[in-house]
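Me: I would like to go through how some labels in this model were assigned, setting each value against its cut-off.

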Amino acid sequence: MKIAMTGASGNMGREALKQTLELDNVEWVRVLLSLKKKNNKLAKNLKKQYKDRIQIVRGSVKDEAACRALADGADYVIHMAAVIPPASDKSFQESEDCNLTGAVNMVNAVKAQAKQPKYIHVSTVALYGHRDQNHPWGRVGDPLLISPFDAYAMHKLEGERYCLEAGLDCWAVLRQTAMLYPEMMSANTKDGLMFHTAVNAPLEWSTSRDSGRLVKHILERDGKGEVDGFWKKIYNIGAGLRGRETGYDTFNDGFKMIGGSSEKFFKPNWLATRNFHGVWFADGDELEELFRYQQDGVKEYWEETASRHKIYKMGKIVPKGLIYLFLFRKLLHHKNSPFAWVKKKDVARVQAYFGGEEEYKKIPKKWKDLKIMAKGAFGDYDEMRRIEYTRKEGVLLSHGYDEGKPQSEWSDQEMRSAAEFRGGECISGYTGDAYKPLRWKCCEGHEFEMNPYTVLRGGHWCPKCSPMPWKFDSLAKKMPFYAQLWYDTHGKDENYIYSMTNESKASLGGGNT
C-alpha cells in the first residue's frame with residue numbers, strides 16, 4: 001500500500017504515521033510537511049528512522065501543487081492537517097488557509113488522479129457546537145450549530161461540506177472527538193482557552209494514540225478486503241464510557257496531578273456557560289465495531305501523563321495559593337479568557353459565551369450554589385453516561401424524517417420531511433441516489449443544491465445561511481431542526497447576528513425576526 005498523509009506533525013498525525021508504518025504491507029508513506037523551521041528536524045529524523053519507507057513533500061496545504069504532489073500515486077490519502085484553537089482563535093486567516101483551503105486542495109488533488117485514491121477526511125466534533133445537560137448525547141445527522149466566533153469549526157464545516165459534495169469515488173469522513181495528547185496539560189496553561197470549557201459541557205475524550213490506531217486498523221483491514229460498507233459515510237470517532245466526562249471532572253482529573261481540583265483553582269464565573277463544543281457520541285460504537293481501536297481511557301491517560309512528567313508531582317508540594325495566583329489567576333486575564341472579555345466589555349463575546357452581562361452576573365459566586373451534572377444535579381451521572389441512557393425518549397435529537405428506513409429505501413417522503421423540519425422544502429424529486437444533488441430551498445428563501453446524504457445524514461443545510469455570519473437566533477425561530485437544540489442555552493427572545501473579520505475581530509448586531 002502507498003499512503004499519503006497531511007498533518008503528520010500534529011497530535012493525531014504523529015500517531016497515525018508511526019502506527020501505519022508498523023504495517024508490513026505499507027510500501028511507503030508520503031507526508032506533507034510545512035516549511036516551518038521546526039519541521040526541518042522532523043524531516044531529518046523521519047528519513048533517518050524509516051529511510052525509503054518515508055517520502056517527504058515540503059509545502060503547505062494551501063499550495064495546490066504540493067497537494068497534488070502528495071496525492072500522486074497513492075492508494076490512500078488521509079487528510080489530518082488542521083489549525084486548532086487557540087491558534088485558530090488568534091489567526092482567522094491561518095484557520096481558513098489550513099482548515100478550508102487545505103481541505104479543498106486535498107479533495108481536488110484526489111480528484112485529479114487518473115486512479116483516485118481512497119480518501120479519509122478528518123473532521124471535528126466542533127461542528128456540533130455547544131451541548132449541556134439537556135442534550136449531552138449526539139450522533140451523525142444532528143444539526144451543525146457551530147459556536148459563534150469559532151473560526152476552526154466554521155472552516156472545518158465548510159471543508160467537510162466540500163468533501164461530501166465533491167463527487168469523490170471513495171471517501172469517509174471521521175469527526176474527531178476531544179483529544180488527549182502527551183503535551184496537553186502544558187499546552188493548555190499558556191492561553192485563556194481553558195476557560196471556554198463549560199462546567200456541564202459533555203466531553204468524550206479519545207487519546208491521540210487511539211486515533212492513530214484507528215487509522216492503522218482502517219488501512220490494515222481495508223487493505224485485506226475485510227471491511228464491508230465502510231466507505232461513503234460519516235462517522236464519529238468515539239471513546240466509549242471510559243472517555244465520557246464533563247468540563248468539571250476533566251479539570252479535576254488534570255489538576256489532581258498537582259494536588260488540586262476545579263474548585264481549588266477556579267471560581268464558577270471564570271468559565272463560559274455556553275458557546276463551547278463537545279458531545280457524548282451515541283453512535284461512537286460504529287467505528288469501534290469495525291476497527292477495535294479503543295484501548296485507552298481518561299484515567300489511564302492521566303496516570304501515564306503523571307508518570308511521564310515527574311515535574312507534576314512537584315505541584316503537590318507547592319502551596320495551592322501560589323499555583324492559583326501565579327498560574328490560573330494570571331491566565332484569567334489573558335486576552336482569550338471569557339473573564340477578560342467581561343472586564344473589557346467585549347459585548348459580542350460576552351453575549352455569545354454567557355448570554356450577556358446580566359446573565360454573567362447571575363452565575364453563583366460559590367461552587368456549592370452551582371448545579372453540576374458530574375455531581376448528580378440533573379440525574380444519576382453514571383447512568384447518564386451509559387449508552388443505554390440514549391434509549392430513553394427525548395434524549396436524542398430528531399432529524400425530521402423516518403430514520404428507521406435504511407438509506408436504500410429513501411424516497412421523496414424522506415426528502416420532504418427533512419426539508420420541512422428545517423423550515424424549507426425539497427424542490428426536485430429524489431432519484432434514488434443519495435449522492436446525487438437535489439434542489440432545496442431554505443426558510444430564508446435561498447435555493448441551493450446538495451446531496452441527500454449530506455443533508456439527511458450529515459446534518460448540513462443551506463450554505464448561504466451558515467456558517468457565517470452566525471444567525472442561529474433568527475433561524476431557530478423558523479427551523480424546528482435547530483430550535484430543539486439552540487434553545488437549550490439561548491433564550492427565544494435573543495435575536496443577534498454574530499460576525500467576525502479575518503483579523504478575528506468580533507461584532508454583534510440585531511437580527512430579523
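Me: Why is glutamine 351 called buried or exposed, whichever applies?

Reply: This is a predicted model, in which local features need pLDDT of at least 70, side-chain atom pairs count only at pLDDT 80 or more, and totals for chains, interfaces and linings use all residues. Residues are numbered from 1 along each chain as its sequence is written, and side-chain values use heavy atoms, with hydrogens and water left out. Buried means under 20% relative accessible area, exposed over 50%, and partly exposed in between, with a 1.4 Å probe and protein chains only; glutamine 351 has 7% relative accessibility, and therefore counts as buried.

Me: What makes the pairing of the side chains of glutamine 351 and glutamate 494 a polar contact?

Reply: The term requires a pair of N or O atoms within 3.5 Å, where within protein one must be able to donate a hydrogen and the other to accept it, and residues adjacent in sequence count only if both atoms are side-chain atoms. The two side chains meet this at 3.2 Å.

Me: Why does alanine 374 get the label that it has for accessibility?

Reply: Its relative accessibility is 21%, so alanine 374 counts as partly exposed.

Me: Which residues does alanine 374 touch, leaving out those up to four places away in sequence?

Reply: With contact meaning heavy atoms within 4.5 Å, alanine 374 touches Thr246, Tyr248, Asp249 and Tyr381. Leucine 438, by contrast, lies 64 residues from alanine 374 in sequence and 44 Å from it in space, C-alpha to C-alpha.
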